[in-house]
Amino acid sequence: MSSPEVIETTNEDDEMATTALEMPDFDDEAATTGLTAIRERPDLTVEFAKQLLTNPVTNASGTISLSSRKAVNLGQFGLLFTKTQGLKARLGNKGQRIWETPSGMLNAIGLPRLSLDDFIALEWPRWLELSQNLNVPVGISFAGESSVQFHDITRKLDRLEGVFALKANFGCPNVKEGLAFGQDPGLTYEAVKAIKEATDKPLVVKLTPNVTNIAEIALAAQEGGADALAAINTILAMDIDIEAGQPVLGNTTGGLSGPAIYPVGLRCVWQITDPKAGFKIPVIGIGGIDCWETAVKYFMAGATLVGIGTANFCDFETAGRVVAGIEDYCAKKGYKSVREIPRAKFPE
Ligand SMILES: Cc1cc2nc3c(=O)[nH]c(=O)nc-3n(C[C@H](O)[C@H](O)[C@H](O)COP(=O)(O)O)c2cc1C
């Protein structure tokens, strides 16, 4: 559905209209259009997990928290996700936890969080209130250390009111057990099945790029019953302080994110949306998006939604800029809806 938007005329437009009125062969219709242009704007709504979102832009988990609302207009997003939750409270990693790199950043934060019970009692009600005030749905990201734990956490989250979707994080490189599930198709399949047995809520599986063949992991998630995929999490990386002669991060390695990684994200999204390889479920394209052009590239790679992460730290208005840019791009191309952006023509 496209909503007509009334464009206010500017003073310059008024001047032009007056000039037009003084012209002898004045065209009524053109002047009316000039005075109050009613233009059909492209429809940005997207159906995801059986719900209509106002736009296809979400946040990458862990880059928007409840306190972000003081700086970022969270109403710019069509969908929000929490940071990854888990059973036990964690402090995260020691030492230097973030580091700037060319066109990116390294983080080894290590998933600090409340316990699941505290999240449910203290944090979720505040997310729900925010969601209702902004009219933006919110999903919960979570991770477990075994299929049984994934199942148990899901049962608790399933009972919560107002959860739009669950997102299982199978790819955090900064915790000891964080990558195991996303690197083994058998474990992925088993964990996804265990989660789906505990809930009817839509399940998004977030994948790591730190694998040789992301398509086989993605297929295992789809076969296990995932309703959607998200890719990518950060890329395992490190940096060295040459004066100190030691790694810059307390954890030695960390996850690389930011504009430097978008080509890796595009490649992964293309691989896990290829219909010829049997992919049927929608994908949230994440990794390095800081402008609308990169978002459009993700749609052309096959993504249904796009997620903004690191860029939220650099420019609080990124999401709004990206949404406006996608809209203008569609208008320029003559697309009535963002869903008309075609998949790029990839060679057979
Ligand atoms: C500071 C920070 C914290 C993150 N925390 C999480 C998290 O809790 N769960 C998760 O699935 N991904 C987490 N990520 C990964 C992002 O969601 C995203 O997948 C990654 O940063 C790539 O996107 P970007 O280049 O737009 O940041 C985190 C990333 C950063 C930079």
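Let's start at a turn: in the hairpin of β7 and β8, with 2 residues between the strands, Ser-103 takes a positive phi near 55 degrees. Keep in mind that this is a predicted model, so every angle and distance below is computed from predicted coordinates. The sign of that phi is worth a glance, because most residues other than glycine have a negative phi.

The two strands on either side of the turn, β7 and β8, run antiparallel and are joined by 4 bridges. If you want to check the register by eye, look for Glu-100, whose bridge partner in β8 is Met-105, and then for Ile-98, which stands opposite Asn-107 in β8.

Now step from the hairpin to the next strand over. β8 (residues 104-107) also pairs with β16 (residues 254-257), again in the antiparallel sense and over 3 bridges. Met-105 turns up here too, standing opposite Ser-257 in β16, while Leu-106 has Leu-256 as its bridge partner in β16. From β16 you can carry on to β13 (residues 235-237), an antiparallel pairing with 3 bridges, where Leu-236 stands opposite Gly-255 of β16.

Put those pairings together and you have an open sheet of 4 strands, ordered β7-β8-β16-β13, with antiparallel pairing. Which strands stand at the edges of this sheet? They are β7 (98-101) and β13; each has a single partner strand, so one side of each is left without a neighbour in the sheet. From one strand to the next, the twist averages 35 degrees.

The other sheet to look at is built in the parallel sense. This open sheet has 8 strands, in the order β5-β18-β17-β12-β11-β10-β9-β6. Its edges are taken by β5 (57-59) and β6 (80-81), and since each of them has a single partner strand, one side of each lacks a neighbour in the sheet. For a closer look at one pairing, take β12 (residues 228-231) and β17 (residues 283-286), which are parallel and share 3 bridges. Ala-230 has Ile-284 as its bridge partner in β17. If you are following the side chains along any of these strands, remember that in a regular strand they alternate between the two faces of the sheet.

Just past β12 there is a backbone oddity. The peptide bond from Ala-231 to Ile-232 is cis, with omega near 20 degrees, and Ile-232 sits in the loop between β12 and β13. That stands out because most peptide bonds are trans. Another spot to inspect is Lys-50, which has a positive phi of about 65 degrees although it is not a glycine. You'll find Lys-50 in the loop between β3 (46-48) and β4 (51-53).

On to the helices. How are α5 and α6 arranged relative to each other? Helix α5 (residues 185-196) packs against helix α6 (residues 214-224) at an angle of about 25 degrees, their axes 8 Å apart, and that makes α5 roughly parallel to α6. The crossing of α5 past α6 is right-handed. On the α5 side the contact is made by Pro-185, Thr-188, Tyr-189, Val-192, Lys-193 and Lys-196; α6 brings Glu-216, Ile-217, Ala-220, Ala-221, Glu-223 and Gly-224. Sorted by class, that contact has 6 nonpolar, 2 polar and 4 charged residues.

A second helix pair has another geometry to inspect. The axes of α8 (residues 292-301) and α10 (residues 318-333) come within 8 Å and cross at roughly 65 degrees, and α8 passes α10 in a right-handed crossing. Here Trp-292, Ala-295 and Val-296 of α8 meet Arg-321, Val-322, Gly-325, Ile-326 and Tyr-329 of α10. By class, this contact has 6 nonpolar, 1 polar and 1 charged residues.

Finally, the ligand. Which of the residues around the ligand come nearest? Of the 26 residues there, these are Ala-60, Gly-62, Ser-257, Gly-309 and Thr-310. You have met Ser-257 already, as the β16 residue opposite Met-105. As for the makeup of the shell around the ligand, it has 9 nonpolar, 15 polar and 2 charged residues.

Terms used. Residues numbered from 1 in each chain as written. Predicted model: local features only at pLDDT ≥ 70, side-chain atom pairs only at ≥ 80, totals over all residues. Pairing = 2+ DSSP bridges. Near = placed C-beta within 6 Å. Nonpolar A, V, L, I, M, F, W, Y, C, P; charged D, E, K, R; others polar. Axes fitted to C-alpha atoms, helices over the stretch in contact; angles between N-to-C directions. Parallel < 35°, antiparallel > 145°, perpendicular 65-115°, else oblique. Left-handed = near helix turned anticlockwise from the far one by under 90°. Contact = placed C-beta atoms within 7 Å.
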